[in-house]
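Reader: I am in my first year and would like a close look at a single part of this structure. Please set out the whole first, then go through the part slowly, and explain each term once when you use it.

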Amino acid sequence: MWKIKPPITYSLEAKYRPHLETLVPTDPMSLFNLKRGSPEEEFPNLKYNYTCMASILTPKLYARQFNRATQSGVIFDDVIRPGLEEPGELHGPMSVGCVAGDGQSYILFCDFFDRVIEAYQNHKISKLQESDFNHDNLKGGDDFDRDYALSCEVSVVRGVDDFGFPTHCSRGERRQLFMLAKKALDQLAEELPGKLYSRAELSQDKDDKGVTVGAPSLSQLRNGVARDWPDSRAVWISKDGTLVVWVNIDDHLRLVTTRDDANIAEAFQCICVNILKLEALYKKLRHPFIWKQQLGWVVSSPADVGTGLRASVRVKLQHLPRHKRLEDVLRRLRLRMDNTDCSEVYNISNAQTIGLDEVGFTQLVVDGVKLLIRMEKRLEGEEKIDDLVPLQK
């Protein structure tokens, strides 16, 4: 804790103190008339909560955040509400269990968010986060064995400065974000032709556009992301189908590129080129994307801060998923494997979004998928794969 010296009192200051105090910004928390008890009385029941938030939160940590509020009115209970609404299951995948209401949340509640990010993403926040969208630095990604690699997807999410995140923003803020996106995407369309469709327009003719926006999920309804649905929700689709931009769906912006040929190098290049163009356009509109030196690109979920990038490849694997060392291999490769709707087809993606730059995480996926395919081929021939198990990445 910082040691603060008592202020020096001057005679003129005492005379003009009433006027000086009117110039001091008001503490946002003092404007609220919340009928709450003490931190001890308000501490949530986390006994059967299996989220990352619950593993971090203690009564002392909760008490330190209790009387804080960001300038837009986010309090700590807003931050942890998603984990209380969806506590998870003992043997299920662990969710992050919390969400930021705005960019300032990561500063005001930093002692909580830093712990969550370190635990969930297995990354110590001790050095500056870097960003690299030079797609020429990526090695490989266009040479997967197509008998195993079926398709790929690269996405990146961004938060816009001066606006609340989806769980907290007002209708007016959401509509302003929509208008900003429309202006920026209209300018992007001068180089990459495309069109912005509202949620209603997309529903009426979804087959022709190849993109389907379903009804909000139960999770989105619970945590407030789907408030006023579908007001100011939209999807921009490039004419050639290479790029899709989601506006106000689950975050301010999400760029997605999908390829049926599993050429993740081309998909990554498309994301790199267009996110840099949008970044410049938003700066021109005086609403840049949120960047903080130690956290990188800041968005609503702590699970996505850093790069906001997810690179994934759908891979056909029959033998490897049953191997006893699979979890150890994935941990060492810093990858995750998720089931899909198809039997023996899995989605391989980066497990973290912070600690490396965008090229670094995509390279992990490229190298990791190639190694997993090599292991699968070995197992098909009833050979051992112990010599292929990598060191910790």
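Author: **Helix α13 and its setting**

The chain has 14 helices and 10 strands; both are DSSP runs, numbered from the N terminus, with helices being H or I runs of at least four residues and strands being E runs of at least two. The model is predicted, so local features need pLDDT of at least 70 and side-chain atom pairs count only at pLDDT 80 or more, while totals for chains, interfaces and linings use all residues. Residues are numbered from 1 along each chain as its sequence is written, and side-chain values use heavy atoms, leaving out hydrogens and water.

Of the 393 residues in the chain, 49% are buried. Buried means under 20% relative accessible area, exposed means over 50%, and partly exposed is what lies in between, using a 1.4 Å probe and protein chains only. Among contacts with a separation of 6 or more, 73% are between residues 24 or more positions apart, where a contact means heavy atoms within 4.5 Å.

Now to the part itself. Helix α13 covers residues 326–333, and its buried residues are L326, D328, V329, L330 and L333. The cover over these buried residues includes β9 (335–339) and α14 (358–380). After α13 comes R334, with a positive phi near 60°. As a general point, most residues other than glycine have a negative phi.

How do α13 and α14 lie relative to each other? In general, two packed helices are described by the angle between their axes and the distance between the axes. The axes of α13 and α14 cross at roughly 155° and come within 10 Å. That angle makes α13 roughly antiparallel to α14. The axes are lines fitted to C-alpha atoms, for helices over the stretch in contact, and angles run from 0 to 180 degrees between N-to-C directions. Angles under 35 degrees count as roughly parallel, over 145 as roughly antiparallel, 65 to 115 as roughly perpendicular, and the rest as oblique. The crossing of α13 and α14 is right-handed: the near helix is turned clockwise from the far one by less than a right angle, whereas anticlockwise would be left-handed.

Which residues of the two helices meet? From α13 they are V329, L330 and L333, and from α14 they are L364, G368, L371, L372 and M375. Sorted by class, this contact of α13 with α14 has seven nonpolar residues, one polar and no charged ones. Ala, Val, Leu, Ile, Met, Phe, Trp, Tyr, Cys and Pro count as nonpolar, Asp, Glu, Lys and Arg as charged, and the others, Gly among them, as polar.

Charged residues do appear in another setting. D328, listed above among the buried residues of α13, is linked with R325, R331, R332 and D386 in a network of salt bridges. A salt bridge is a side-chain nitrogen of Lys or Arg within 4 Å of a carboxyl oxygen of Asp or Glu. In general, side chains of opposite charge can pair when their charged atoms come close.

Other salt bridges can be set beside this network, as the structure holds 23 of them. One of them joins K277 and E191, at 2.8 Å from N to O. K277 lies in helix α12 (residues 264–284) and E191 in the loop between α8 (171–188) and β2 (194–198), so this pair ties together parts that are 86 residues apart in sequence. K277 is partly exposed at 27% relative accessibility, whereas E191 is exposed at 58%. R254 forms a salt bridge with D250, with 3.2 Å between the closest N and O atoms. Here R254 is buried, at 16% relative accessible area, and D250 is partly exposed, at 31%.

For comparison with the end of α13, N122 just after helix α7 takes a positive phi of about 55°. Helix α7 (residues 110–120) has D111, F112, F113, V116 and I117 as its buried residues. They pack against α3 (52–56), α4 (59–65), α5 (76–85) and α6 (105–108).
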